[in-house]
Amino acid sequence: MSQRSCDWVREQLSLYVYGELPMESEESLEAHAAGCAACQELIAAERRMHAALDEAAEPLPAHLLMECRRALQVSLQAEAARRESVWGRLASFFAADAWIWKPVAACALLAAGFSGAKWHSQREMLQEMAQAPAGELRLVRSSPGGEVEIAYDVTQKRVVRGRVDDEAIRGLLLRAVTNAPDAGTRGQMAEALRGQAQSDDVRQALLVAAQKDPSAEVRVKALSGLRSRAGEMTTRRAFVNMLRQDSDLGVRTQAVDLLLLHVTPGRFDAEMIGGLQDMMRREENSYVRAQCQRALTVANASPFIF
Amino acid sequence: MANSLDEATLIRAAQGGDQDAFEQLVRQYDQSVLKLAYNLLRSAEDAQDIYQEAFLRVHKNLHQFRFDCSFHTWLYRIVTNLCLDLLRKRKVRKEEATVVQTSDGEKDRAAMMPEVRGDGDPQRALVSGALRGRIRQVLESLTPRERMVFELRHYEGLRLRAIGEKLGTSEEAAKNCLFRVTQKMRVALGDFV
């Protein structure tokens, strides 16, 4: 293995930290750095720069993925409806030439778009379209002979309606708030459950979402839903836990604000006071630190550990 | 359509007109496509346009996909080309909403960022508004191709060889791009790190 210089290390630094150097070069660089404090510092600085770049990544807005999926579905439905209407026109073209199919009166040719490629009889489609909101029917074509083509876009979506306090509906919301694949849906579910936290199952689900959800937006929404339980000691301990562990400033701000909704000394136990004192040492944000100090003052505790 | 179907089966089913299969295929990749577009363009509206256009093109041209490369590579070629076109054409909108909801009402996220303190933990001090601002400035000063290579390597974690394949260029060219970007970042962020 040849002896390498500091200049060579500097040139290879970015590829090294990205793990893109060939193995031999990587070994040479590490061998040089092992005995060179200046190069060790260069590597450490490069890693700090990577950490800063990681922190600067923009999180996706909570609802964006869901909106994109919805818009794509609409476009695909429109495309499918367009294709179906082309088939409809072809069918009517052939029908016009076959005497057995000649219409005796005005006939309506109905094209139902995006029906999952499943065949529906005209009668079924008519029944379905009779129930459809009038605004969703479209006149695709009309001929002087009295033939019309009406389209109605349908999807495979199933919709249920009910009150949030209905057990079955709430069950769906509880399942989705922690299990839905995209953050937008989980956030919406947390918002829908906001007024239901008096139920223990809802409180539990919101606590799990507030502490474990990978999206900070969802964690903030779940925390907001716990406002009505902010006076209970178990919930308050969870707030302190989030305050200490969550890397997102919005979540920490929300947690400390909820903690301060109830400001009597008896609402803070030794564990919470210890957590708040720890935050006084570690927290860098002045607002959160000031709120922690306020909480400690209310709890008749010192802001510092002596 | 069962969830356990492998990708090739899904693609063949989608090529045969199975909409459920197409939807499953979209859902396997759409989050990373959107994340890439959003990070590159820093605009929800533009990212949504890219998402929509990319998957409509996939839907339209899926019958032409011949398994000559991975579906991921094929899809990313479409997405990166769309993003590069947009980066070249448009001036990327700069500011997104920075307001967070707290129990005291709305607060500006930037105003709530931790202040840079010389005596603090340097790792945490890095995450400052000033630092983010500098990173953003450097990103905006990059050429579209540099920006794309950096995004794919740093945030998507793709190897330089894979980036070359997706961008229709060589590994060496991707390496040079990455090298230039890290140089610029180092100069701009030197005070902080």
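These legends walk through a few close-up views of a predicted model.

**View 1. B:Ile163 sits inside helix H9 of chain B.** This helix covers residues 160–167. How much of B:Ile163 is accessible? Its relative accessible area is 0%, so B:Ile163 counts as buried. Leaving aside residues up to four places away in sequence, B:Ile163 touches B:Val149, B:Leu152, B:Arg153, B:Leu158 and B:Ala174. Then look for B:Tyr76: 87 residues separate it from B:Ile163 in sequence, yet the two C-alpha atoms are 9.5 Å apart in space.

**View 2. B:Arg153, one of the residues touched by B:Ile163, reaches over to chain A.** You'll find B:Arg153 in helix H8 of chain B, which runs over residues 144–155. Is B:Arg153 buried or exposed? Its relative accessibility is 7%, and because buried means under 20%, B:Arg153 counts as buried. Its side chain comes to 2.4 Å from the backbone oxygen of A:Tyr18. A salt bridge also links the side chains of B:Arg153 and A:Glu20, at 2.9 Å from N to O. Both of those chain A residues turn up among the contacts of B:Arg153, along with B:Leu158, B:Arg159, B:Leu160, B:Ile163 and B:Leu178, again not counting residues up to four places away in sequence.

**View 3. Helix H8 of chain B is largely enclosed by the rest of the structure.** Count along H8(B) and you get 12 residues, with 16 Å from the first C-alpha to the last. That is close to the 16 Å expected at 1.5 Å a residue. Why call the helix largely enclosed? Because 10 of its 12 residues are buried. Among them are B:Met148, B:Val149, B:Phe150 and B:Leu152, as well as charged-type names such as B:Glu146, B:Arg147 and B:Glu151. The cover over these buried residues includes helix H3 (37–55) of chain A. From chain B, it includes helix H2 (19–41), helix H4 (71–89), helix H7 (129–141), H9 and helix H10 (171–189). Just after H8(B) comes B:Gly157, with a positive phi of about 70°.

**View 4. Chain B and chain A bury about 5000 Å² between them.** Carbon and sulfur atoms account for 56% of that area. The contact draws on 55 residues from chain B and 52 residues from chain A. How many salt bridges are there between the two chains? The count is four, and the pair A:Glu20 and B:Arg153 from View 2 meets in a salt bridge. Polar contacts across the interface come to 13 residue pairs, both residues being at pLDDT 80 or more.

**View 5. Several elements of chain B help make up the side that touches chain A.** At least two residues each come from H2, helix H3 (44–61), strand E1 (99–102), helix H5 (109–112), helix H6 (122–125), H7, H8 and H10 of chain B. Which of them gives the largest share? That is H2(B), with 10 residues. By type, this side of chain B has 25 nonpolar, 13 polar and 17 charged residues.

**View 6. Chain A, the partner across the interface, has 13 helices and three strands.** Of its 306 residues, 45% count as buried. Now take the contacts in chain A between residues at least 6 apart in sequence: 60% of them join residues at least 24 apart.

Conventions: Residues are numbered from 1 along each chain as its sequence is written. Chains are lettered from A and ligands numbered from 1 in the order in which they are written. Side-chain values use heavy atoms; hydrogens and water are left out. Helices (H or I, at least four residues) and strands (E, at least two) are DSSP runs, numbered from the N terminus. Buried means under 20% relative accessible area, exposed over 50%, partly exposed in between (1.4 Å probe, protein chains only). Contact means heavy atoms within 4.5 Å. A polar contact is a pair of N or O atoms within 3.5 Å; within protein, one must be able to donate a hydrogen and the other to accept it, and residues adjacent in sequence count only if both atoms are side-chain atoms. The expected span of a helix is 1.5 Å times one less than its number of residues. Buried area is the accessible area (1.4 Å probe) that two parts lose on being put together, summed over both.
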